[in-house]
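Let's walk through this one together, a stop at a time. Have the model open and keep a hand on the mouse.

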Amino acid sequence: MHILWENIAITIVAFLILYWLLSKYAFNKLFAIMEQRRELVASQINEAKQTREQAIQYVEEQKAALQEARNEAQSIIEQSRKTSVNQTEQMLSEAKQEAERLKVEAVREIESEKNKAVASLRNELGAVSVQIASKILDKEVKQDNVQEELVEKYLNEVGGRP
């Protein structure tokens with residue numbers, strides 16, 4: 001194989017001319033475009049970092065808001081439970097008071113009816129004792145004190161009178 005030095009020299013000269021033309025007309029524009037692209041990529045990376053930080057901050061805010069909502073809901077539930085307990089206790093207290101009032105009223109009514117019954121019974125006993133006495137007198141009873149004592153004793157026992 002034979003090396004042609006002339007071809008190598010022409011190739012080197014052509015390469016140098018091409019390199020000079022490219023650097024004069026193309027490399028500056030190409031490097032400017034590449035720099036713009038690098039700056040664009042860098043700005044997009046920065047925006048992505050900021051967006052990520054905002055997203056993280058937003059998630060933290062949402063977690064805090066959710067926790068606050070849970071706490072508020074728990075507070076409302078607790079307050080509702082306390083209100084319910086208070087109302088239940090109040091209703092029980094009112095029911096007990098009403099039952100006690102009804103009991104006292106019933107006792108009074110029973111006492112009143114008892115007194116009426118006793119009075120009625122005494123009236124009837126008085127009438128019956130008068131009938132007994134009249135029957136005893138009708139049978140021609142002797143004028144002994146024994147009959148009188150018997151009537152008195154009967155009246156005392158039944159009528160509750162001295």
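Start with the aromatics: ring pairs tie Y19, F27 and F31 together into a cluster. Keep in mind as you look that this is a predicted model. Searching the whole structure turns up two aromatic pairs. One of them is F27 with F31, a stacked pair with 5.8 Å centre to centre and 25° between the planes. The label "stacked" applies because planes under 30 degrees apart count that way. As for where these two rings sit along the chain, F27 and F31 are four residues apart in helix α1, so about one helical turn separates them.

Now swing over to Y19, the other member of that cluster. Y19 belongs to helix α1, which runs over residues 5–138. Is this tyrosine tucked away or out in the open? Somewhere in the middle: Y19 counts as partly exposed because its relative accessibility is 48%, and that class covers the range between under 20% for buried and over 50% for exposed. Y19 also has a second role in this tour, since it helps make a nonpolar surface patch of about 810 Å². Its partners in the patch are I3, W5, I8, I12, F15 and L16.

Step back for a moment and take in the whole chain. The protein chain has two helices and zero strands. How much of it is buried? Of its 162 residues, just 2% count as buried. The accessible surface comes to about 15,000 Å², with 59% of that belonging to carbon and sulfur atoms.

Next, the charges. Side chains of opposite charge can pair when their charged atoms come close. In this model the count comes to six salt bridges, going by a limit of within 4 Å between the nitrogen and the carboxyl oxygen.

Take E35 and R38 to begin with: they form a salt bridge whose closest N and O atoms are 2.4 Å apart. Both residues lie in helix α1, three residues apart, or about one turn of the helix. E35 counts as partly exposed because its relative accessibility is 33%, and R38 gets that label because its value is 49%.

Further along helix α1 you'll find E113 and K116, again three residues apart and about one turn of the helix. Their salt bridge has its closest N and O atoms 3.9 Å apart, which still falls within the 4 Å limit. At 44% relative accessibility, E113 counts as partly exposed. Salt bridges can also share partners, and that is how E98, R101 and E105 end up joined in one network.

Zoom in on one link of that network, the salt bridge between E105 and R101, where the closest N and O atoms are 3.0 Å apart. Here the spacing is four residues in helix α1, so E105 and R101 are separated by about one helical turn. E105 counts as partly exposed because its relative accessibility is 40%, and R101 is partly exposed too, at 40%.

Technical notes: Residues are numbered from 1 along each chain as its sequence is written. This is a predicted model: local features need pLDDT of at least 70, side-chain atom pairs count only at pLDDT 80 or more; totals for chains, interfaces and linings use all residues. Side-chain values use heavy atoms; hydrogens and water are left out. Patches are made of residues with over 30% relative accessible area and no salt bridge: like charges are joined within 9 Å, nonpolar side chains (Val, Leu, Ile, Met, Phe, Trp, Tyr) within 5 Å. Accessible areas come from the Shrake-Rupley method with a 1.4 Å probe; for residues, only the protein chains shown count as cover. A salt bridge is a side-chain nitrogen of Lys or Arg within 4 Å of a carboxyl oxygen of Asp or Glu. Buried means under 20% relative accessible area, exposed over 50%, partly exposed in between (1.4 Å probe, protein chains only). Rings of Phe, Tyr and Trp (its six-membered ring) pair if their centres lie within 6.5 Å; planes under 30 degrees apart count as stacked, over 60 as edge-to-face and the rest as tilted.
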